[in-house]
Amino acid sequence: MKKLLIPFILALLALGYPIETIAEISTKVSVAAPDNRSEINANMKLAKKFMEKGKYAQAKKNLTRVLELDPNHTEAQQLLEVCNQHLEELLAAELDELNQAVSAGTEQALQDFITQHPNSELISQAQLYIADYQLWAVARQTDTNQAYQDYLSQSTAQAYKAEAE
């Protein structure tokens, strides 16, 4: 079965099928055989294609699989380091964008961040700030000491703590 899988994957690549589709197909096909070379090669090819497209999280999955099969695979180790570095850079850039959205001080800026980064690890933080802005809006609209105390007790982000105290 494994010997049939590699030419099949290569044919799909040559025909221009999306790399995501090929990856999904290859994970659904059973490739159990004593020789892991073909599975390693297929995962390496997919990882490189993902990296060419800037899809480092997907490439990381393929490289991790290679290293499960062959922990000493030098090229996979090197490419995994490259993927991790790119993923860290992408996360840092997203964090900068989140901080800019928070600094804008509007719920819309945070909604825009969520729309632009639907798969970001930082979505939950953006949602916390949205909830915080909504609590703050209620406190400001009510404009009583109790409303500000409610904000301080209910807010997790505490973006307006200084103003509420």
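**Figure 1. The whole chain, in a predicted model.** Take the contacts in the protein chain between residues at least 6 apart in sequence: 48% of them join residues at least 24 apart. The chain has nine helices and zero strands, so there's no surprise in the pattern read along the sequence, α-α-α-α-α-α-α-α-α, given that helices are DSSP runs numbered from the N terminus. How much of the chain is buried? Of its 165 residues, 35% count as buried.

**Figure 2. Helices H3 and H4 side by side.** Here we zoom in on H3 (residues 37–52) and H4 (residues 56–69), whose axes come within 8 Å and cross at roughly 160 degrees. That angle makes H3 roughly antiparallel to H4, since anything over 145 degrees gets that label. The crossing itself is left-handed. On the H3 side, the contact is made by Glu 39, Ile 40, Asn 43, Met 44, Leu 46, Ala 47, Phe 50 and Met 51. H4 answers with Tyr 56, Gln 58, Ala 59, Asn 62, Leu 63, Arg 65, Val 66 and Leu 69. Sorted by class, the contact of H3 with H4 comes to 11 nonpolar, three polar and two charged residues.

**Figure 3. Helices H6 and H7 packed together.** How far apart are the axes of H6 and H7? They sit 9 Å apart, with H6 (residues 107–116) and H7 (residues 123–142) packing at an angle of about 160 degrees. H6 and H7 are therefore roughly antiparallel to each other, and their crossing is left-handed. From H6, look for Glu 107, Leu 110, Gln 111, Phe 113 and Ile 114. The residues they meet in H7 are Ile 123, Ala 126, Gln 127, Tyr 129, Ile 130, Tyr 133 and Gln 134. Broken down by class, this contact of H6 with H7 has eight nonpolar residues, three polar and one charged.

**Figure 4. A cluster of aromatic rings, with Trp 136 in it.** The structure holds five aromatic pairs. One of them is Trp 136 with Tyr 151, an edge-to-face pair at 5.1 Å centre to centre, with 70 degrees between the planes. Trp 136 belongs to helix H7 and Tyr 151 to helix H8 (residues 145–154), so this pair ties together parts that are 15 residues apart in sequence. Are these two rings on buried or exposed residues? Trp 136 is buried, with a relative accessible area of 8%, and Tyr 151 counts as buried too, at 1% relative accessibility.

Now turn to Trp 136 and Tyr 160. Their ring centres are 4.8 Å apart and their planes are at 5 degrees, so this pair is stacked. Tyr 160 lies in the loop between H8 and helix H9 (161–164) while Trp 136 lies in H7, so here the parts tied together are 24 residues apart in sequence. Both Trp 136 and Tyr 160 are buried. Stepping back, ring pairs link Tyr 129, Tyr 133, Trp 136, Tyr 148, Tyr 151 and Tyr 160 into a cluster. Two members of that cluster, Tyr 129 and Tyr 133, also turn up among the H7 residues that meet H6.

**Figure 5. Leu 135 and what it touches.** Leu 135 lies in helix H7. At 24% relative accessibility, Leu 135 counts as partly exposed. Which residues does Leu 135 touch, not counting residues up to four places away in sequence? The list is Tyr 151, Gln 154 and Ser 155. For Leu 135 and Ser 155, the C-alpha to C-alpha spacing is 7.1 Å, although they are 20 residues apart in sequence.

**Figure 6. Two loop residues with positive phi.** Most residues other than glycine have a negative phi. Asp 143 is a residue with a positive value, near 55 degrees, and its home is the loop between H7 and H8. Gln 158 also has a positive phi, near 55 degrees, and it isn't a glycine either. Where does Gln 158 sit? The answer is the loop between H8 and H9. Gln 158 is partly exposed, with a relative accessible area of 23%.

Note on methods: Residues are numbered from 1 along each chain as its sequence is written. This is a predicted model: local features need pLDDT of at least 70, side-chain atom pairs count only at pLDDT 80 or more; totals for chains, interfaces and linings use all residues. Side-chain values use heavy atoms; hydrogens and water are left out. Axes are lines fitted to C-alpha atoms, for helices over the stretch in contact, and angles run from 0 to 180 degrees between N-to-C directions. Helices (H or I, at least four residues) and strands (E, at least two) are DSSP runs, numbered from the N terminus. Angles under 35 degrees count as roughly parallel, over 145 as roughly antiparallel, 65 to 115 as roughly perpendicular and the rest as oblique. A crossing is left-handed if the near helix is turned anticlockwise from the far one by less than a right angle, and right-handed if clockwise. Contact means heavy atoms within 4.5 Å. Ala, Val, Leu, Ile, Met, Phe, Trp, Tyr, Cys and Pro count as nonpolar, Asp, Glu, Lys and Arg as charged, and the others, Gly among them, as polar. Rings of Phe, Tyr and Trp (its six-membered ring) pair if their centres lie within 6.5 Å; planes under 30 degrees apart count as stacked, over 60 as edge-to-face and the rest as tilted. Buried means under 20% relative accessible area, exposed over 50%, partly exposed in between (1.4 Å probe, protein chains only).
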